[in-house]
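Colleague: Before I plan around this protein, could you take me through its charges, its overall form and one of its sheets?

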Amino acid sequence: QEIVSITMTQSPAAYTGLIPEDLSSSLNSEGVYINSNLPVGEYKFIIVDDCGETHNITVEIPSFVFGDLESEIQPSCSPIYGAVKLSTTNGKLVNVIITNAPAAFEQAIPFDVSYNINTDGFFYMTDLPIGSYTFTVTDACGFVQTSTVEILGYNSSSDGFSLDRKCGSFDITIEDTDDSISGKSFWLQKFYPATNKWGHPTTGAPFTEGSIPTTATALSLANNQTLANLFLIGDFRVIKVFKTFNNGNPNAQCSDIYSAFTINAQLVISGAYNLSCNEDAGADDVIIDAEGAGPFNFEITSPLNFDNGANNVFTNLTEGVYNFRVTDDCGNVKNIS
């Protein structure tokens, strides 16, 4: 309900008004009473709302507590840039000056960046070259504070990604422990050669490069969980999305190709590679690169029979033409000469 009348019935000794005091003339057009200049202490009010109900309200005005200048660092979408948020509980920021910056920062110091203060009085700035910065700020109460922060970039890594190929399907596990970023989400997409676009792996809904994936254009993957039994083939990628700041904006996001992989309908031998460095003199070592549902069994079937078990590296092979055979866990067999 809206307030239609308000009377102060108790105040601390420092208050200069006469008690009781009718404050109804101070109500705004929405029936709200605001007073931002009251002495510290306890106040009591009697208010009447537009339904005719009477309410007794007690308000404690606290003592002022000086708030430190707080900073929050986020990486930008590039590994050589970062972003920062500055704020204080004293009041809205009204002025922000960069007084020290790394050599890669191209503006002359000091540099006024107050244009990145939003309407809430918070400062957000992105695309700062990595390194140490000093900011001097002034808030709405007139307090001047200084903060030195280390701007960090984003380090791309797929350490938390694992793929388990099965007979006719595959599992994806995400166990990402990167604590340098926040607001993480993970998205699976498939490439469609007919349209030359990435999109949702089951519906085919196309994805616009440079945008952020959604449930319409990608399949969501949960961190610290396994998405099992995906019966799909083709080229796939997992996109990692994380939080960042834009200039004056706290709600920006970045995306990174977390991992890319291909799922074939059958066992594939990608190649046989010579590991030796002896310029064709003496025995050679050969590695067989296979993709499919492991574990694999690796053999030589010509000019001799040799079962190498799960080891895909064959050592000390003399000169000649060899046939290698690979068998996957589903019973598929492929040969390469």
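Colleague: How far apart do the centres of the positive and negative side chains lie in the protein?

Modeller: This is a predicted model, and the distance is computed from it. There are 13 positive side chains and 39 negative ones. Taking the centre of each of these two sets, the separation between them is 8 Å.

Colleague: What radius of gyration does the protein have, set against a compact globule of 337 residues?

Modeller: The C-alpha trace spans about 110 × 55 × 35 Å along its principal axes. A compact globule of 337 residues would have a radius of gyration near 20 Å. For the protein itself, however, the radius of gyration is 33 Å.

Colleague: How many strands does the protein have, and in what order do the four strands of the open sheet stand?

Modeller: The protein has zero helices, and its strands number 26. Four strands form an open sheet with antiparallel pairing. Strand E2 (21-22) and strand E4 (54-61) are its edge strands, each pairing on one side only. The order across this sheet is E2-E1-E3-E4.

Colleague: Which residue is the bridge partner of Phe45 in E4?

Modeller: Strand E3, covering residues 41-49, runs antiparallel to E4, and eight bridges join the two. Within this pairing, the partner of Phe45 in E4 is Ile57.

Colleague: On the E1 side, which residue in E3 is the bridge partner of Ser5, and which residue in E2 stands opposite Thr7?

Modeller: Strand E1, residues 3-10, is joined to E3 by six bridges, and the two strands run antiparallel. The bridge partner of Ser5 in E3 is Val48. E1 also runs antiparallel to E2, to which two bridges join it, and there the residue opposite Thr7 is Asp22.

Colleague: Why does Val4 count as partly exposed?

Modeller: Val4 lies in strand E1, and, leaving aside neighbours within four places in sequence, Val4 is in contact with Ser24, Leu27, Val48, Asp49 and Asp50. Buried would require under 20% relative accessible area and exposed over 50%, with partly exposed in between. Val4 therefore counts as partly exposed, because its relative accessibility is 46%.

Colleague: How far apart in space are Val4 and Gly31, C-alpha to C-alpha?

Modeller: In sequence, Val4 and Gly31 are 27 residues apart. Across the protein, 56% of the contacts between residues at least 6 apart in sequence join residues at least 24 apart. For Val4 and Gly31, the distance from C-alpha to C-alpha is 6.3 Å.

Key
Residues are numbered from 1 along each chain as its sequence is written. This is a predicted model: local features need pLDDT of at least 70, side-chain atom pairs count only at pLDDT 80 or more; totals for chains, interfaces and linings use all residues. Side-chain values use heavy atoms; hydrogens and water are left out. The radius of gyration is taken over C-alpha atoms; the globule rule is 2.2 Å times the number of residues to the power 0.38. Contact means heavy atoms within 4.5 Å. Lys and Arg count as positive and Asp and Glu as negative; His and the chain ends are not counted. The place of a charge is taken as NZ of Lys, CZ of Arg, CG of Asp or CD of Glu. Two strands pair if DSSP finds at least two bridges between them. Buried means under 20% relative accessible area, exposed over 50%, partly exposed in between (1.4 Å probe, protein chains only).
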